[in-house]
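Hi,

Here is the structure I promised to send over. Have a look at it first, and then read on for my notes.

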Amino acid sequence: MSTAPESDHAALVKALDLPEKVALLTGATSFTLAPRESIGLGEVRLSDGPTGVRGLKFSGGRVVALLPNATLLASSWSEESLAEVGRLLAEEALAQGIHVVLGPTVNLHRSPLGGRLFEAYSEDPLLTGRLAAAYVRGIQELGVGATLKHLVANESETDRNAVDCVLDEATLREVYLLPFEIAIADADAWSVMAAYNSVNGVTATEHRHVNTEILKGEWGYRGLIMSDWFATRTAAAAANGGLDLVMPGPDGPWGDALVAAVRAGEVDESVIDDHVSRLLLLAARVGALGEPRDRPAGLPAPDSPVRREQLTRLAAQGMTVLRNERGVLPLDPALKVALIGRHAVETIGMGGGSAQVNPPYQVSVAEGLGAVLGDRLTVVDGVEVRTRPVPARGGFLTDPVTGEPGIRVVLRDASGTELEQRHVAGATTMVGMDDDFAGTVATAVLSGIVTRAGAVELGVLGVGRWTVRAGEDERSFELRTSGKSFGEEVLTPPISTQVYDVSDGILFEATVELPAGTQVFGGAGQFGLIGHEASRETVDVIDDAVRAAASADVAVVVVGLTEEQETEAADKQTLHLPGAQNALVEAVAGAARHTVVVVNAATPVIMPWRERVDAVLWAGLPGQEAGHAVAAALLGTVEPAGRLVTTFPKDDGKSPAWSVTPADGVLAYEEGPFLGYRGHFAGRAPEPAFWLGHGLGYGRWEYADARLISGDSPAVTVTVTNTGDRASREVVQVYLQPDDLDQPVRLAGWAAVTVAAGESARVTVATDRRVWRRWDTEAGAWGGLGGGGDLLVARGLGDIRAVLPLG
């Protein structure tokens, strides 16, 4: 890292003329910033990073580690674990020469319908901010920059590029800005990303009140504010509004237009100088200014034993035991187990959109349990869980040239000249976003050898005119975007499939003519081949599951969501499980001696069967070691000591904030600060199925002698005793319930302790000073909450163990 003083940066800025300065304020490519040799500025490389450091390629890039998703990591309620995650991601970044990771996401779980909640930590601003700060400290201590995103009130995906999120100043500051404030104050995050949406009528990239007055003014933020990709609309308004960097490049709304705005007096040149100074500070911090940083050697590979252990442990420890009747969990490894469900054989390890990476492998629950139980495990596929077919995987297609699992891609320009030919280990490729070859792609040919015989579903994804051949069958058609969502070409490209009866070894080949000049997402698009066995009738699948469950000692049913629901660019329509998964669980529970349900989802789902099964384990999206982590949690090798980070409502519509659909372009945050558990506790929504903070682990706990320690930020001390028969980790939670009914209950602090069976520990929980204040809109300043109210000592708000009056 450069240690050059910031006064030197001012001299470097003065050495540049206006066009040179402005040229530095737009990305050079999709994920790089332009170097300037004359001032010793090297290239700065950025990468998406919520669940893995993808690198400079949006798809088809290098193999990298796939981490558990944010809600699963956050469910540990462990700042130490999140700091470890930050260091892990920093090592992954350093191995690739990446300087800045675009994470963490510190938006909140406002409505459980939010499609991108899997990237965000929780519904609580204190929990989110403290965990994010730990992540930031971990990643930046190794010289890699973190990026807090998305500033601000960016809690849903519907019309995200145009929606105006409307909320009062107190709610903005007390709830939605608080995680950013904590991560900046406690960890000095080096960059922040401005969102697509507007806030109270002003688009985020131009929001002077948030960007300049609050962050750079009140908070004294010295870092850089960049735009989300393609979010910037204007030159002068965005530059004056506090935005420092437009992404991606090389094109954008600044450049010549911003130079002209300065020369016309619309933007003072000192504003440009400030933007460039912040960019140089970021470059210095990450080792791209002055002497280049050496890339460290000996970093663990994504599939190394070190990574396998870390990723298994981090995933398993965050898994949450929601129900455990008759002590069914942990499972006795001597039992005969029937493992049932599509998610058991095709376990979902990551969500959709820009969080996706190219991992070395993904372990299914069937593989993970099978490695431990051997022939004591029977595996039965489940009902269909998707409406949208997925790209071919698992060796369904092989490259016709190399024979490796995957497909062959040939890219040609308009004259037919081959620009590139590549093997793609998956079955999708990106064109136009991060190309690094001469010429413009006009046609792509994708091909693979089908390795199955019988009824199969084959198809393509991507915008353009297609000609598809499967054996002797040929058809032509055009695929277009719906126009309903920004970036469909990249994030949710259109699909067409057909069922074929094939013999083993036929060639499946598809040629697409790309539309010229019609793609809106920077001219980019994602293209791929679909391939999987044709779906069976639901009744036949359930019959097989019932027979297997009846003959086993215990049935483990794995259900969940997929990247259709947990994705960037689209929100959910319901919290009910897709397909006939509920019917599958009901049928198995009626036939099995004992039934355990594993929920492979990052966010709340409705569980109408929860009282009729013995145990429920919420497993999140567990990353590349998913199956090993689920096996460790079920068998107790690693205690699933997670606590929920968001409230699970009993049914659709039964939460304080529900709708994610704007009305006339406006999404009103009418619940104010009473989101999630706060609104449920205040009676503004029915009692939930599971409260924030709920989680049973594998211990049993008694609380005694809870006492208040007075002070500006009071603390609580309490004795906890593990009355169970194995060591366990407890998370002691303290909530503040003010006397003022206009102020919601809120998490004030927590502390974790691991206690041996039969032992006790004295635990002290400090409360955070930032929850003891309120924003006085009339005065335009922070004020105190007053001295009245109670501190609630709890194992989640559904299990309060002590009430300590204040004052």
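**Helix α7 and its surroundings**

In α7, the buried residues are L178, P179, F180, E181, I182, A183, I184 and A187. That is 8 of the 10 residues in this helix (residues 178–187), so "mostly covered" is a fair label, with buried taken as under 20% relative accessible area. Before going further: please keep in mind that this is a predicted model.

What do the buried residues of α7 pack against? The list has three helices and three strands on it: α5 (125–140), α6 (169–176) and α8 (208–218), plus β4 (145–151), β6 (191–194) and β33 (773–776). Right after α7 comes D188, which has a positive phi, near 50 degrees.

**The chain overall**

Stepping back, the protein chain has 807 residues, and its secondary structure comes to 19 helices and 36 strands. The radius of gyration is 27 Å, which agrees with the value near 28 Å that a compact globule with 807 residues would have. Along the principal axes, the C-alpha atoms fill a box of roughly 80 × 75 × 55 Å.

Of the 807 residues, 61% count as buried. Take the contacts between residues at least 6 apart in sequence: 76% of them join residues at least 24 apart. The accessible surface is about 28000 Å², and carbon and sulfur atoms account for 48% of that. As for charge, there are 67 positive and 104 negative side chains, with the centres of the two sets 3 Å apart.

**Strand β26 and its two partners**

Now to β26 (residues 615–618), where every residue is buried: A615 and L617 point one way, V616 and W618 the other. Which strands does β26 pair with? One is β10 (residues 320–324), which runs antiparallel to β26 and is joined to it by 4 bridges. Here R323 stands opposite V616. Another is β25 (residues 595–600), also joined by 4 bridges, but running parallel to β26. In that pairing, V599 has W618 as its bridge partner.

**A hairpin**

If you want a hairpin to look at, try β14 and β15, which have 5 residues between them. Strand β14 (residues 407–412) and strand β15 (residues 418–424) run antiparallel and are joined by 6 bridges. V410 in this pair stands opposite Q421. In the turn, G416 has a positive phi of about 90 degrees.

**Two single residues**

V585 sits in helix α17 (residues 581–591). Is V585 buried or exposed? Its relative accessible area is 0%, so V585 counts as buried. Leaving aside residues up to four places away in sequence, V585 touches V557, V559, V597, W609 and V613. G788 is 203 residues from V585 along the chain, and the C-alpha atoms of the two are separated by 47 Å.

F230 is in the loop between β9 (224–227) and α9 (236–240). With a relative accessible area of 30%, F230 is partly exposed. N161 lies 69 residues away from F230 along the chain, yet their C-alpha atoms are separated by 9.3 Å.

Let me know what you make of it.

Cheers

Notes
Residues numbered from 1 in each chain as written. Predicted model: local features only at pLDDT ≥ 70, side-chain atom pairs only at ≥ 80, totals over all residues. Heavy atoms only, no water. Helix = DSSP H or I, 4+ residues; strand = E, 2+ residues; numbered from the N terminus. Rg over C-alpha atoms; globule rule 2.2 N^0.38 Å. Buried < 20%, exposed > 50% of the residue type's maximum accessible area, 1.4 Å probe, protein only. Contact = heavy atoms within 4.5 Å. Areas by Shrake-Rupley, 256 points an atom, 1.4 Å probe, with all protein chains shown as cover. Lys, Arg positive; Asp, Glu negative; His and termini not counted. Charge placed at Lys NZ, Arg CZ, Asp CG, Glu CD. Pairing = 2+ DSSP bridges.
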